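This briefing introduces a protein structure to a reader who is new to the subject. Please look over the sequence and the model before reading the points that follow.

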Amino acid sequence: MITMDPHAIGRMSCNPAIGGLAKGQMVREIDALGGLMAHAIDLAGIQFRILNRSKGPAVQSPRAQADKYAYEATVQRLLRENCPNLTILAATVDDILTHDQWPAGTAPSRNSSNTPHRITGVRLGTGQNLACTCAILTTGTFLRGLMHTGPRQTQGGRIGEQASTGLSVCLERLGFELARLKTGTPPRLARETIDFFGLDVQSGDEVPTPFSFLSASSHGLLSTTFPVLPQVGCHITYTNKKVHDLIRENLHRAPMYSGQIQSRGPRYCPSIEDKVVRFADKTQHQIFLEPEGLNTNEIYCNGISTSLPVDIQEEMVHSITGLEKAKVLRWGYAVEYDFVPTHQIRPSLETHRVRGLFFAGQINGTSGYEEAAAQGLMAGINAARHIQDQKPIILSRDQAYIGVMIDDLVTKIPTEPYRMFTSRAEFRLTLRSDNADQRLTPLGRQIGLAEPIRQELLSAKLSAMHRILDQLQASRLPDGTTAADLIRRPDIAWQNLGTMNFQPAGRMMELVQCTRDHALLEQIQIESRYAGYIQRERNLARRMHELENKVIPVGFNFSALAELRCEARDALARFQPASIGHASRLEGITPSDLTVLMMYLTGRKSTL
């Protein structure tokens, strides 16, 4: 691993939290495959909540507030303890080397390809060349990063850290198309200067739920009981008319509106300037005051991300209830950075242009720790398989939120930082956080990533669920209704079963009182209650897989298909879809285009 600052590994650049709507499912999926993110947040979390408990199971998601310093230290410790073959180098990468770029006599011995773009190594800022068969670029916001606070501009990808410029030049030289995106961060305040009296308190769940399936078990990796760290609350305040008027009066000084920033920011996590303009009818916007750790006085103001000048930020903060005397420890800022439009990557996250070169994270136009971690995991899996001449692992849209995200990236170029939401998934009832282990741990074991204990725990879980189902079927009321019948009803919670007159007597009460079985009972109730909808999703997925199995050969010449519309030819040539299913989700592709393509692929073009 080559990184500019090894001490910054795991650093939370923006909000000190992991998970959230759909993001929480992805963290569980990373964990089920054998990744470390869920375990790290379980060790460093200071507030755990299940979001959307009052809504249906398809949109419920886990989220945890982190002690960001503990999280950073935990990630680094887990890498040292769990990755014995990992060498971390403190350096910059300034160039990507292909087989025809090495100085005479220094080409790697493994180079036997005549393909002009096959990665053979990287060149460090020191001038040193490192040979490799595969490389994964995870550039974050550092690729020609430029930070904005009012008219002030500073090169860098994160406050106090330099930008990476050499890689952008290198990518352009290799023929990659680059574009710009923008994200931002809010001010940080000193805790002791905030008046919390009268502000709403947001507490975590009374019984916190861990992210990792290992933490949730008696065989977990935690050295103590969960949660590990003391739990804290957050506070809520609001913007007001004075704040909104101040922002409107100074939009000409905001980089996004003055023309200083040209790139698009995240629509679903907008700056406060954007909120005031786009939602002009709103008289207030919610602000979450989130502690950044147990041993720091830093408070993260979630909800007022901004790049306004310092004097306006100060007046804005002091106009908010509870923050009238708040001391600003760090001003908000926006950052612009390069990304590579995603028609240039395959579903494996390998690039079309350079064999063995993979992209993950914000270089692919995504936003957020969870999206980046999921891509990093899949790129790592597929880079390893590439070296071993094995087929890549491509998660489907009905298999994982990770699959939804990557499929979205390779079918629709992000025009703003991509953020995962439950609404992006058509198989939401299937892709719940409680069954990520059932969906993905067998695959994790098959490819050698998930530890053996994960499969053992999954087998024990499935056995316990069968035992509980048998007990529900065997427990009957005097009228013959079984507990399994009742648990399907929307007006019956599984907790109510213990109060009913089931026979044999007492067994249902024992089941409901067994804390170990509560999560399993909840999952059984979900799958029983929504069985019809889940089956409908499975039928849709089966039809989708039939199209995914119709593979399009690598390098297929779409431009030669004269019967296709120009728009279709251009889209297919640009994205290079791997299958008919992949092609069907591209913008501008119609059913008639797919028919033409299918006829060519099956050798029936003469019938056109």
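Asp389 is exposed, since its relative accessible area of 72% lies over the 50% limit for that class. The model that contains this residue is a predicted one. The points below begin with the backbone at Asp389 and at other positions, and then turn to a helix, a surface patch, the cysteines and the whole protein.

**Positive phi angles outside glycine**

- Asp389 has a phi near 55 degrees, which is a positive value in a residue other than glycine.
- Asp389 lies in the loop that runs between helix 9 (369–387) and helix 10 (401–411).
- Asn52, likewise a residue other than glycine, has a positive phi near 65 degrees.
- The loop between strand 3 (45–51) and strand 4 (61–66) holds Asn52.
- With a relative accessible area of 23%, Asn52 is classed as partly exposed.

**Cis peptide bonds**

- Phe226 and Pro227 are joined by a cis peptide bond, with an omega of about -5 degrees.
- Pro227 belongs to the loop between strand 14 (200–202) and strand 15 (234–238).
- A cis peptide bond also leads from Gln503 to Pro504, where omega is near 0 degrees.
- Pro504 is placed in the loop between helix 13 (483–486) and helix 14 (507–513).

**Helix 1 and its surroundings**

- Helix 1 covers residues 23–33, and 11 of its 11 residues are buried, so this helix is largely enclosed by the rest of the structure.
- The buried residues of helix 1 include the charged-type names Lys23, Arg28, Glu29 and Asp31 as well as Val27, Ile30 and Leu33.
- In general, an α-helix has 3.6 residues a turn, so residues three or four places apart point the same way.
- Gly34 follows helix 1 and has a positive phi, near 115 degrees.

**A nonpolar surface patch**

- Met1, Leu86 and Ile88 make up a nonpolar patch of about 230 Å² on the surface.
- Ile88 is located in the loop between helix 3 (68–82) and strand 5 (89–90).
- The relative accessible area of Ile88 is 34%, so Ile88 counts as partly exposed.

**Cysteines**

- The protein has 0 disulfides when cysteine sulfur atoms must lie within 2.5 Å of each other.
- Cys14 is in no disulfide, because the nearest cysteine sulfur, that of Cys269, is 6.5 Å away and the limit is 2.5 Å.
- Cys301 is also in no disulfide, and the nearest cysteine sulfur to it, that of Cys14, is 12 Å away.
- Cys14 is partly exposed at 22% relative accessibility, whereas Cys301 is buried with a relative accessible area of 0%.

**The protein as a whole**

- The protein contains 19 helices and 20 strands.
- A compact globule of 608 residues would have a radius of gyration near 25 Å, and the value for this protein, 26 Å, agrees with that.
- The C-alpha trace extends over about 85 × 70 × 50 Å along its principal axes.
- Buried residues make up 53% of the 608 residues.
- Among contacts with a separation of 6 or more, 73% are between residues 24 or more positions apart.
- The accessible surface of the protein is about 27000 Å², and carbon and sulfur atoms account for 51% of that area.

Terms used:
Residues are numbered from 1 along each chain as its sequence is written. This is a predicted model: local features need pLDDT of at least 70, side-chain atom pairs count only at pLDDT 80 or more; totals for chains, interfaces and linings use all residues. Side-chain values use heavy atoms; hydrogens and water are left out. Patches are made of residues with over 30% relative accessible area and no salt bridge: like charges are joined within 9 Å, nonpolar side chains (Val, Leu, Ile, Met, Phe, Trp, Tyr) within 5 Å. Accessible areas come from the Shrake-Rupley method with a 1.4 Å probe; for residues, only the protein chains shown count as cover. A salt bridge is a side-chain nitrogen of Lys or Arg within 4 Å of a carboxyl oxygen of Asp or Glu. Helices (H or I, at least four residues) and strands (E, at least two) are DSSP runs, numbered from the N terminus. Buried means under 20% relative accessible area, exposed over 50%, partly exposed in between (1.4 Å probe, protein chains only). The radius of gyration is taken over C-alpha atoms; the globule rule is 2.2 Å times the number of residues to the power 0.38. Contact means heavy atoms within 4.5 Å.
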